[in-house]
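Dear colleague,

Please find the structure below, handed over for your records. A short account of its pockets comes after it.

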Amino acid sequence: MSSQTVPLPGTPAGEWIALADQERSLAGREAQLHTRGAEVDAAARKIQVRLDAARANLQKLIGTAVRSEAEDVFANAMAIAVPQHAASPAAANALALRRQALAARTQAIQSEEAAVKTRSDSLQSIGLQIEALEAMASQMSTKLAKLAAEAAQAAKAAEAARVAAPKPMAAPVPPPMPRAAAAPAPAAPAPAPMNAGDANRRASPRVKLHAEINMASDSNFFAGFSEDISETGVFVATYAKLLPPGTPIDLSLTLPSRPPIKVSGVVKWVREPREDTPGVFPGMGVAFQGLNLQDANTVREFIKARDPLFWTD
């Protein structure tokens, strides 16, 4: 069973419905009145026929021996008049007003039909705009969930790699010396082996590099998953010549509404330009070295405003 929308009381539509109900009630009474009037008209026609027949019979009797009596009765018959229907002044006035109201209602209905159509078209247009907004919100929610899943997967992979990394083996304990043997003289400590990367850093000249970071730049800070500020660095987005990992850098960083930061660093990783990912900006990841406390706090405050990239060594 289909539901029917009922206009709210007090609104133009509700008043129209109420007036229509009253008009239907009056129309019902008028229909009954017209039916009764038609019955009275039929009775009046029958009475008129009978009166005409009686007059004709009396007129014939006037020429007979009962002439005097017939003339009196005929005179009485001629004085009888069957009443004809005539509308009352109030009904005639109401009929004229109804003709005017009918013309006004016809014009009002046409105007209201146009207004209702205009509003319906406007609502349909707004509905289409809302559908588009809902679709965009759904797409962004899906994208956000995908990014969250990728971040969680990357964190899980980093944690798995950290757990699977080989642990350093403890140095073997030397066997006890025989009691009769004298303890050997302590030997001079051997120099620590030089790491190849350290040798490259000392041999390579330091490169001066400037990066400007804001809320929309492709350059951005990166951080390790342990949230240790010592693992923090900066990704410098550039199409210029990319320096190889291990290159020492003198960094000058400019942040919005903050004093410049000057710090030493070293190139840790490189993102080469790729044709299959045109939206991913190439550049270099430079790890900080010897970041002082004030600059470290400045970096932390900026990272709170803009999420950093993730990086694991």
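The notes that follow concern the two pockets described for this structure.

This is a predicted model, in which local features need pLDDT of at least 70 and side-chain atom pairs count only at pLDDT 80 or more, while totals for chains, interfaces and linings use all residues. Residues are numbered from 1 along each chain as its sequence is written, and side-chain values use heavy atoms, with hydrogens and water left out.

The largest pocket (an open set of points on a 1 Å grid over the protein atoms alone, where a 1.4 Å probe fits, with protein on both sides within 12 Å along at least five of seven lines) holds about 570 Å³ of space; volume here is the space filled by probe spheres set on the points, which are joined across faces, edges and corners. Its lining (residues with an atom within 4 Å of a point) numbers 19 residues, of which Leu33, His34, His85, Ala87 and Ala91 are the closest to the centre. Two or more lining residues come from each of helix 1 (12–61) and helix 3 (89–164), helices being DSSP runs of H or I with at least four residues and strands runs of E with at least two, numbered from the N terminus. Helix 1 provides the largest share, eight residues.

The second largest pocket has a volume of about 450 Å³. Leu147, Glu150, Ala151, Ala154, Asn220, Asp307, Pro308, Leu309 and Phe310 line this pocket. Helix 3 gives the most to that lining, four residues, and strand 7 (309–310) supplies at least two.

Yours sincerely
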